[in-house]
Amino acid sequence: MDNIDLNIWRQVSQWRASGHRVVLGTITRTWGSAPRPPGSAVAIRDDGLVAGSVSGGCIEDDLIDKAREGVLAEGVPKVVRYGIDADAAHRFGLPCGGLIELVLEPVLPRTQVDELLAQLARGERVRRVLTLATGEVALQPATETDELALTDTTLTTHHGPHWRLILIGAGQMTQYLAQMAGALGYQVIVNDPREEYAEGFDIPGATLLRTMPDDTVTALKPDGHTAVIALTHDPKLDDLALMEALKSEAFYVGAIGSRVNQAKRKERLTEHFGMTAEQLSRLHGPVGLKNGARTPPEIAVSILAELTAVRYGYRIPEPVVVKEQAKVEAGCVS
């Protein structure tokens, strides 16, 4: 399952190969309340077909009209703004006083679409520098600190996985979690030294490592854009990974299992590995939001929902039971 950014670039490549003119719009700044954040992109074909989104639809409608008139996919990139005043904001479906700034870029051979796609297919992160005066594009290796930047002369964007998800265990739960995480822009790394689980593992876009979990986590050096989740139910594997992950800068460390098993896990990590109370306070377990999830794909949704909340600085409170069935123990309880 590919992320939104990659799908847009693939669509642009297909349209160009079919002989269509295409313009790419990228949100560079927003003021007030805006439907989509900076970095969001939309591609408009000359006959009005759309891939991606930069608003609730009204800005896209205006771009479609201009594309059909033949005034978008020509010349060099330009910076445009929508919703500067209350009347314009209302017209384009923005909150009153909201403002969206876009760079509109005609897609031509100089855009290097296929070259970018080839690098993304290899799992690379890419810094893309667009020169506004000429439309020329330079593709460079990205760094961890790259951010979208618009100057008087260039637009710099980054593409490829900006977040990493390290999953310990290649079981059924991991299959669903790995696929869904790819759509959210994670680079997924699965670690399982067990032959019976790793042998049949095949998730497009996910990397499988067969080393021991503690060695894997240590080698990968989790940073503030990395999450580590233990899913094997085997303390010999899960505890090793968690021991190293909790010492790292990972923004999220979690483990599957019941509340009773989580308590036992913390006792083991304290007694045998000398983990401190402060380190263990970072451990999310049972992993995922408590939302009644029971099946592996439902639990995968709850895990990714919690990851998303943590990424954006939210703490979701315990849910309120409104039906008797919600009192039934849900999710993974072993």
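At what angle do the axes of helix α8 (residues 235-245) and helix α9 (residues 259-273) cross, and within what distance do they come? In this predicted model, the two axes cross at roughly 70° and come within 11 Å. Angles of 65 to 115 degrees count as roughly perpendicular, so α8 is roughly perpendicular to α9. The points below cover this helix pair, then an open sheet of 5 strands and a helix that lies across part of that sheet.

**Helix pair α8 and α9**

- The crossing of α8 past α9 is right-handed.
- On the α8 side, the contact is made by Pro235, Asp238, Asp239, Leu242 and Met243.
- On the α9 side, Arg265, Arg268, Leu269 and Phe273 make the contact.
- By class, the residues of the contact of α8 with α9 comprise 5 nonpolar and 4 charged, with no polar ones.

**The sheet**

- The strand order in the open sheet is β3-β2-β1-β5-β4, and the pairing is antiparallel.
- β3 (50-52) and β4 (78-82) each have a single partner strand, so they stand at the edges and one side of each lacks a neighbour in the sheet.
- On average, neighbouring strands of this sheet are turned by 25° against each other, with direction ignored.
- Strand β1 (residues 22-31) pairs with strand β2 (residues 41-45) over 5 bridges in the antiparallel sense.
- Thr26 has Ala41 in β2 as its bridge partner.

**Helix across the sheet**

- Helix α2 (residues 58-68) lies across β2, β3, β4 and β5 (99-107).
- Relative to β2, helix α2 runs at about 30°.

Technical notes
Residues numbered from 1 in each chain as written. Predicted model: local features only at pLDDT ≥ 70, side-chain atom pairs only at ≥ 80, totals over all residues. Heavy atoms only, no water. Axes fitted to C-alpha atoms, helices over the stretch in contact; angles between N-to-C directions. Helix = DSSP H or I, 4+ residues; strand = E, 2+ residues; numbered from the N terminus. Parallel < 35°, antiparallel > 145°, perpendicular 65-115°, else oblique. Left-handed = near helix turned anticlockwise from the far one by under 90°. Contact = heavy atoms within 4.5 Å. Nonpolar A, V, L, I, M, F, W, Y, C, P; charged D, E, K, R; others polar. Pairing = 2+ DSSP bridges.
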